[in-house]
Amino acid sequence: NRPRNRATPPAMDPDLFVSVLIPAFNEARVIEGSVRRVLASEQVQIEVIVIDDGSSDATSAIVASAFADEPRVRLLTLENGGKARALNQGIALASGEIVIALDADTQFEPLTIARLARWFADPALGAVAGNAKVGNRVNLVTRWQAVEYVTAQNLERRALSRLDGIMVVPGAVGAWRRAALASVGGYPTDTLAEDQDLTIAIQRRGWTVAYDMEAVAWTEAPETFRALAKQRFRWAFGTLQCLWK
């Protein structure tokens, strides 16, 4: 039999309901635009839950003011406790059986959420990874990463999907079945690579993971070698933590 993840994607269903979580820490500069981009999503029904993880700036105030008359937007303000904890608090409030989390500086295209959500017609599917691309191609460091994202990450993910062996649903663009999250206790809080840790955990519970190259998100990559080194150390150390677990 052909592996599940090589199947043609199901048709988009405009009646599907998705809960979109946006954890934010001092994101006053971008939070309003981020929420508005998500609200502009097409071919899907959504709610947006902004989780302010103890920001010291005006993040919560901006959301409360800009979306006071928007019933699809909810605001949760917490004391600072880390991204994974914030996401778990958001999941507890979510109404949808499909959950998407994205960073405030990540930009979804209008059909990205609908394309991710369509795969959940398969009851065995626990998560689906999207196609992350670098949006800030402003210098040599970010242009190099743009090429790397295409080759070392997305081509690799396409190959792994044929083997039903995707190891990471990227935090920048991925969707999760709420039942799969519940089966492993939500986002893990004891590693630096919570997205990889969570992906492995749900697979160990028997859920499958798909990849949709058409579900595109534009993410902000580190713009200096120093910031890039810091990011890659965190990724590498987090991967070792997952391996140890």
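This report describes the confidence, nonpolar cores, internal cavity and selected residues of a predicted model.

## Confidence of the model

The structure is a predicted model. Across the protein chain the mean pLDDT is 86, and 91% of the residues reach 70 or more. Residues 1–5 form a stretch in which pLDDT stays under 50. For this stretch the model has nine contacts beyond four places in sequence. Where pLDDT is low, the predicted coordinates should not be read in detail.

## Nonpolar cores

The largest nonpolar core contains 40 residues. Within this core, Val18, Ile22, Val35, Ile46, Val48 and Ile113 touch the most other members. Both helices and strands contribute: at least two core residues come from each of strands S1 (17–24), S2 (45–53), S4 (98–101), S6 (125–134) and S8 (208–219), and from each of helices H1 (31–39), H4 (112–117) and H5 (140–162). A second core, separate from this one, has 25 residues, including Ile49, Leu78, Ala94 and Tyr187.

Val35 illustrates the contacts of a residue in the largest core. With neighbours within four places in sequence left aside, Val35 is in contact with Ile22, Val48, Val50, Phe67 and Val73. Two of these partners, Ile22 and Val48, are themselves listed with Val35 among the core residues that touch the most other members.

## The internal cavity and helix H7

A search of the whole structure finds one cavity of 30 Å³ or more. The space in the largest cavity amounts to about 90 Å³. Its lining consists of 14 residues, and those nearest the centre are Leu87, Ala101, Pro170, Gly171 and Tyr187. Two or more lining residues are given by each of H3, strand S7 (174–177) and helix H7 (194–204). By class, eight of the lining residues are nonpolar, two are polar and four are charged. Tyr187 thus appears both in the lining of the largest cavity and in the second nonpolar core.

Helix H7 has as its buried residues Glu194, Asp195, Gln196, Asp197, Leu198, Thr199 and Ile202. Just after this helix, Gly206 takes a positive phi of about 100°.

## Two residues of helix H3

Asn88 and Gln89 are both found in helix H3, which spans residues 83–93. Asn88 counts as partly exposed because its relative accessibility is 23%. Beyond four places in sequence, Asn88 touches Gly186, Tyr187 and Thr189. Asn88 and Arg137, which are 49 residues apart in sequence, lie 32 Å apart in space, C-alpha to C-alpha.

Gln89 counts as partly exposed because its relative accessibility is 35%. Its contacts, not counting residues up to four places away in sequence, are with Leu76 and Leu78. The C-alpha atoms of Gln89 and Leu78 are 9.0 Å apart, and the two residues are separated by 11 places in sequence. Leu78 is also one of the residues of the second nonpolar core.

## Thr106 and Gln107

Thr106 lies in the loop between S4 and strand S5 (107–108), while Gln107 is found in strand S5. Thr106 counts as buried because its relative accessibility is 1%. Gln107, by contrast, is partly exposed, with a relative accessible area of 35%.

Beyond four places in sequence, Thr106 touches Ser34, Arg37, Ala172, Ala217, Trp218 and Thr219. On the same basis, Gln107 touches Arg37, Val216, Ala217 and Trp218. Arg37, Ala217 and Trp218 therefore appear among the contacts of both residues. Gln107 and Gly33 are 74 residues apart along the chain, and their C-alpha atoms are separated by 9.2 Å.

## Positive phi in residues other than glycine

Asn26 is not a glycine, yet it has a positive phi of about 55°. This residue is located in the loop between S1 and H1. Asn26 is partly exposed, with a relative accessible area of 30%.

Gln43 is a residue other than glycine with a positive phi, near 60°. The loop that holds Gln43 runs between H1 and S2. Gln43 counts as partly exposed because its relative accessibility is 42%.

Definitions and conventions
Residues are numbered from 1 along each chain as its sequence is written. This is a predicted model: local features need pLDDT of at least 70, side-chain atom pairs count only at pLDDT 80 or more; totals for chains, interfaces and linings use all residues. Side-chain values use heavy atoms; hydrogens and water are left out. Helices (H or I, at least four residues) and strands (E, at least two) are DSSP runs, numbered from the N terminus. Buried means under 20% relative accessible area, exposed over 50%, partly exposed in between (1.4 Å probe, protein chains only). Contact means heavy atoms within 4.5 Å. pLDDT is the predictor's confidence in each residue, from 0 to 100. A nonpolar core is a set of buried Ala, Val, Leu, Ile, Met, Phe, Trp, Tyr and Cys residues joined through side-chain atoms within 4.5 Å. On a 1 Å grid over the protein atoms alone, a cavity is a set of points where a 1.4 Å probe fits but cannot get out, and a pocket is an open set with protein on both sides within 12 Å along at least five of seven lines; lining residues have an atom within 4 Å of a point. Grid points are joined across faces, edges and corners, and a volume is the space filled by probe spheres set on the points. Ala, Val, Leu, Ile, Met, Phe, Trp, Tyr, Cys and Pro count as nonpolar, Asp, Glu, Lys and Arg as charged, and the others, Gly among them, as polar.
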